[in-house]
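Welcome, and do have the viewer open while you read. The notes below walk through a few spots on this chain.

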Amino acid sequence: MRCLPDFRTTRSSSGVSPKRNCVKSSSRLPRRPASPSTRPSCRCWSANWVPRGSQFAHDSGALPLLSHALLTTWQVSRGRTLTVADYLATGGIGGAVGQSAEEVFLALTAEQQREARRIFMRLVNLDDDVVTRRRVDRVGLFYGNENADAVTDVDVVVERFAARRLLTVEEETVQVTHEALLTAWPRLGEWLDDDRQWLVEHRRLTQAAELWKNNDRDDGSLLSASRLLLVQESIGPVRRRDLNSIERLYLEASTDRVEQQTRNDRRRRRILETLVAALALLTVLAVTLAVTAFVARSEATSRRVDAENAEAEAVSRQIAGVAVQLRDRDPGLAAYFALVSYEVDRTTEAQSALLDSSAIHTPVRLLGVEGEAVTAVDSRGSIVATAGSDGHVRMWSLADGHAQLGEIVSRDASALTFDPRGGVLAVGGFYGVELWDVSDPAAPIMLLHNDIDEVRSLSYSPDGRLLLVGTGSESLPLLDVADPARPTAAAEVTQPGSPTATEFSPDGRYLVTVGPGRTMRLWDASRLTASPAAPTVPLIDVPSDGSTYTAQQLAFSPDGTTLIAGTTGREVLRWALDAGRLSPLPALTGFTSYVNDVAFSGDGTLIAAASSDNFSKVWDAASGTAQLTLPGPSVVSSLAFAPNRSSIVTASGDGITRIWPLPGPALADAGDTIYQNPIGASGTRLLVGAGTRASATIVWDVSDLDHPVASKPLVIGDGMDQTGAVALTADGNRAAVGTTTGGFQVWDTTDLDDPVALGVIRKATSSLTAVLAFDRTGTVLVVSGQSSNDVSLWSLADPSTPRLLSTVIAGNYPAGMALSPEASVLAVASVGGVVELWDIDDPAEPRRTATLDGFESSVQAVAISPDGRTLAAGSTDRSVRLWDMSTPSAPQHLSRIVGPSSRISSLAFDRSGIRLAAGDGGSTVWLWNVADRAAPEQYAALSAYGQRVNDAVFAADGRVVFGGGTARDVRIWRTEPEEVRSRLCGSGGSVVTEAEWAQYLPGVPYRELCSS
């Protein structure tokens, strides 16, 4: 015997109000007494009266179905009582949905019923025999050109089914409410059986139309002729009503393109038929027919291949465009999208985007935590830990590959720090402090959980014996954690207001605590635990000024002489600490929002800060000069240096940990615009010439591209300033620096740690020195001015006393110069739009031998290949011309290269003479393959520099390009795509996730990267 509940309801003007009572069993349940106060009764009834269970009763989504079944039971009930018979009449949990749908359908007009069928066919997915719901945009249910009656019919169908809770209508989308409806409504099943093949074909058409729309209606996404024919046959005259506006437009565009192709094919066939008719006079009919069939088959294959290639090219270019757009906002993701574009199709745009990724500061991306995160690096530099708002703390190796080592799950994690002794990780949050043994990160062990409420910061003393816990109250507990498994209370530190940050000095002598309103206290740390019973008075006590200005985080320099604080004032405050006294230093600025975290590098030479404006910045600690700006897609909440200064680790609001290699693919800020950056023949030494605002000229050892080393600065003396004109000998052991007096200074750079000033000439040209060039031996130096026509040649046989060999008047304001490998030819590019060739086999008696013209404007750059066979000249008319120099007195024009959108400012060949690089006045370094000098091919257009590129040169046998200009630094590109791909895939970071792919490449099928 069973006792069943009675789901009774009371009708009212406002609807149905169900109440639950217990009733006696019978074939019809008794009516509820008229008085609401009547107490419920319960009667046991035989088990054979109990309705059988539904196949949907135990499904995860059964509750909404039960609600629907009960509502339907009430609607069909007679009187005021729900009965088992009424329940069974509705079909039960599963049947009620189908029965409701059928009732709504039968109440529609004939036209509305046709619309209902079309709508439900759009709201389902069919995968083999599996039918699932599908969410669609509401606008997708309309034809796009129908009349008002048709629109009304669609609205009526949707609203009536929604009123019966069979459809869920949101602001912009519609979907089937109950999965059970797909199997419980027989009519829908019949429709699916009748339309199964059409439904599959229709879904393919919908996806293709959406891809076409998302690709800006690119012709490469349109249907081919054969595919269009199949689709049209499937649609027929009846199915066309089922198409929405975008599908119709897609078919119309596909039809137009196929018709155009057909017209072209017909024209080609007419020509072919004419040829075949002529050949028929000379050959037998069988041969003619065979040739015709072969040609037709080849054309069909060629058209199919061309269409596939065109689609791949279009998608590749689209993805490359996404990579370029993301470069300044999320460089890590941009690099992987560049790799995607290259793997889809190796277009010039894709190759350029991939090579550009090697010249931007690209971090390794580590996923795994949710929401705003904090990060920490252990003192050995082997583990990086990141805690997310979900309480998960994940640990990765800081070594190459960045393998995930382990994970800690906590209730909350908003503060994170490693014990300086290593092996213990402190995790703090709203629910307290936890100490974890992470000596084996794969199997972390909790040593302690302390119920200190609302932990905001954690600071270890340098010896790891003390742990100060910053909380929301003014009293901060100081724990003795010499034995982390058995900590004891050592003392309490007070900080007015709500403390925001704490930090011990590296020598353990001082403790700093800060709070809102610029409050700050400096404590003698040695006295905090010396006598716990005695009150401790801070050495410095700065009261609140009543403002909201707050220090967010603190850091000491490794030598303990400098204290820094990231603040809500959008700046990094600095103080000098001496004998317990703090002296303000100039603040570091440049942020547009709060500075959330600060850190010193392990050697104390760099300061880094993270901000809510999505950027992190790095400065030189001594001078306060900005060194790096690291962009990101979201708020940067935390950062830390690797102890060996090899990288910076940042954690952001998107839950991604980013590891930024240092120093990155750029040489340090030169102090002013870079005008020339020549490189030695070995490719290991680069000379950077910057303008007059720069304090010195620097020679860089670039033998290790990941860790370039700067020379001691070459400082011009004797009241002269440098101009940015520089020259470097082939062996890199001698440099010349141009001066504003029209002269130059020669340096011996054999020892980069101790360069030696040699000879100096105050006046070598009648205007400030603009261009310098050495011959291959380094014994002859050519000098030209910025606004004069004189070019002088100097002997450096004795570099301490340069000797003038000759002076020539070269055309109309020389703008660029180049010497042939054997130093017998001097090429001078001039503003007059020509290149003059001078025979300087005897540098004391130069003579002009030829003039090269054909440009539409001034010539700014000239270069001669290492074998002396080819001369390249670039003009402000945005073109480059090549000449054959086999006979220097009578050069032969070979080709004209176009493509750049701005003036050509520099030219350089690689060592093989096969590649040519050009810096332009925009922001691009152009690379061409000139193996076929009569028909050069574009290799890449590199735009990562972002500003005007004044000089671009090759190194490492053409595998590397250095470019400098108005951004005041020199950027480093790698020019072999496979090398760049290998470095990206070998970094160990996460590539593009499916969610990121869907966000930035909707409609493009997801593909795995770095799989081989």
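Is Asp137 buried, partly exposed or exposed? Keep in mind that the model is a predicted one. With a relative accessible area of 46%, Asp137 is partly exposed, because that class lies between the 20% and 50% cut-offs. Its place in the fold is strand β5, residues 136–137.

Let us turn to charge on the surface. Asp137 belongs to a patch of negative charge, where it gathers with Glu171, Glu172 and Glu210. There is also a positive surface patch, formed by Arg263, Arg266, Arg267, Arg269 and Arg270. Of these residues, Arg270 can be placed in helix α9, which covers residues 245–280.

Here is a small table of the elements that come up in this report.

| Element | Residues |
|---|---|
| strand β5 | 136–137 |
| helix α9 | 245–280 |
| helix α11 | 331–344 |
| strand β50 | 835–839 |

Now for helix α11. Its 14 residues should span 20 Å at 1.5 Å a residue, and the end C-alpha atoms are indeed 20 Å apart, so the two values agree. Of those 14 residues, 12 are buried, so α11 is largely enclosed by the rest of the structure. Among the buried ones are Leu333, Tyr336, Phe337, Leu339 and Val340, and the list also includes Pro331, Gly332 and Ser341.

Finally, take a look at Val835, which sits in strand β50. Val835 counts as buried because its relative accessibility is 0%. Between the C-alpha atoms of Val835 and Gly811 the separation is 8.6 Å, with the two residues 24 apart along the chain.

How values were computed:
Residues numbered from 1 in each chain as written. Predicted model: local features only at pLDDT ≥ 70, side-chain atom pairs only at ≥ 80, totals over all residues. Heavy atoms only, no water. Patch = residues over 30% accessible without salt bridge, like charges linked within 9 Å, V, L, I, M, F, W, Y side chains within 5 Å. Areas by Shrake-Rupley, 256 points an atom, 1.4 Å probe, with all protein chains shown as cover. Salt bridge = Lys/Arg side-chain N within 4 Å of Asp/Glu carboxyl O. Lys, Arg positive; Asp, Glu negative; His and termini not counted. Charge placed at Lys NZ, Arg CZ, Asp CG, Glu CD. Helix = DSSP H or I, 4+ residues; strand = E, 2+ residues; numbered from the N terminus. Buried < 20%, exposed > 50% of the residue type's maximum accessible area, 1.4 Å probe, protein only. Expected span 1.5 Å × (residues − 1).
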